[in-house]
Amino acid sequence: MKHCFALLGLCVLTSLATGSTALAQGQADADPVAGISLPQTDVVRGKALFAERGCVVCHSVNNVGGNSGPSLDASNLDQSRNPFDFFARMWRGADQMLHLQSADLGYQIDFDGQDLADIYAFVQNGEAQEGFTEDDLTDRIREIIDNGPSVGRN
């Protein structure tokens, strides 16, 4: 997981160095710099990943999800839309997030750089978040949120 944060961090730093705002805006942009391309982002895929991978167990969006982590409603984020700031905050909380993932889900979530870029696009897009409902959750994720981490585990 730390490798994933480092990979996306490198893409983010490249974006900042070149002045590209495409990643923050959720737009497609491939800007090769020193052999590195910024990922194209997909807000719809980010929404699905947020729900399916279990981010929503700890973080809420549009009043859907848990509260052991901060709400990720785009309208309430008290931070710049700078992806570096967003992922720096994730990095500082990585140990706690890994512990909670193991406790709540029974495993640690595995992301690659594209997954993180897409999730970032979703949490920055208020319009996409307005359509996020409990219907987007899998039955297992919904049960964990409603009943705690012991549901569905043997």
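How far is the sulfur of Cys 55 from the closest cysteine sulfur? Let's start there, in the first of several close-up views of this predicted model.

**View A. Cys 55 and Cys 58 are two buried cysteines without a bond between them.** The sulfur of Cys 55 lies 8.9 Å from the closest cysteine sulfur, which belongs to Cys 58. Seen from the other end, the sulfur of Cys 58 has Cys 55 as the owner of its closest cysteine sulfur, again at 8.9 Å. A disulfide needs the two sulfur atoms within 2.5 Å, so this pair is too far apart for a bond. The count of disulfides is therefore zero. Both side chains sit in buried residues: Cys 55 has a relative accessibility of 14%, and Cys 58 has a relative accessible area of 13%.

**View B. Asn 62 and Asn 63 have positive phi values in the loop between H4 and H5.** Here we look at the stretch between helix H4 (55-58) and helix H5 (83-92), where Asn 62 is placed. Most residues other than glycine have a negative phi. Asn 62, however, has a phi near 55°, and Asn 63 has one of about 60°. What about their surroundings? Asn 62 is partly exposed, at 32% relative accessibility, whereas Asn 63 is exposed, at 75%.

**View C. Phe 50, Phe 122 and Phe 132 touch the most other members of the largest nonpolar core.** This core holds 30 residues. Helices H3 (43-52), H4, H5, H6 (94-105), H7 (113-123) and H9 (139-147) each contribute at least two of them. H7 gives the largest share, with six residues. In soluble globular proteins, nonpolar side chains tend to be buried together. For a closer look, pick out Phe 122: leaving aside residues up to four places away in sequence, its contacts include Phe 50 and Phe 132, along with Val 43, Val 61 and Ala 128. Phe 122 also touches Gly 46, Lys 47 and Gln 129.

**View D. Helix H6 has a buried side and an exposed side.** H6 is 12 residues long and spans 16 Å from its first C-alpha to its last, close to the expected 16 Å. Its buried residues are Ala 94, Met 97, Leu 98, Gln 101, Asp 104 and Leu 105. These residues cover an arc of only 145° around the axis, which means they lie on the same side of H6. Turn to the other side and you will find Asp 95, Gln 96 and His 99, which are exposed. Just after the helix comes Gly 106, with a positive phi near 90°.

Note on methods
Residues are numbered from 1 along each chain as its sequence is written. This is a predicted model: local features need pLDDT of at least 70, side-chain atom pairs count only at pLDDT 80 or more; totals for chains, interfaces and linings use all residues. Side-chain values use heavy atoms; hydrogens and water are left out. Buried means under 20% relative accessible area, exposed over 50%, partly exposed in between (1.4 Å probe, protein chains only). Helices (H or I, at least four residues) and strands (E, at least two) are DSSP runs, numbered from the N terminus. A nonpolar core is a set of buried Ala, Val, Leu, Ile, Met, Phe, Trp, Tyr and Cys residues joined through side-chain atoms within 4.5 Å. Contact means heavy atoms within 4.5 Å. The expected span of a helix is 1.5 Å times one less than its number of residues. The arc is that of the directions from the helix axis to the C-beta atoms.
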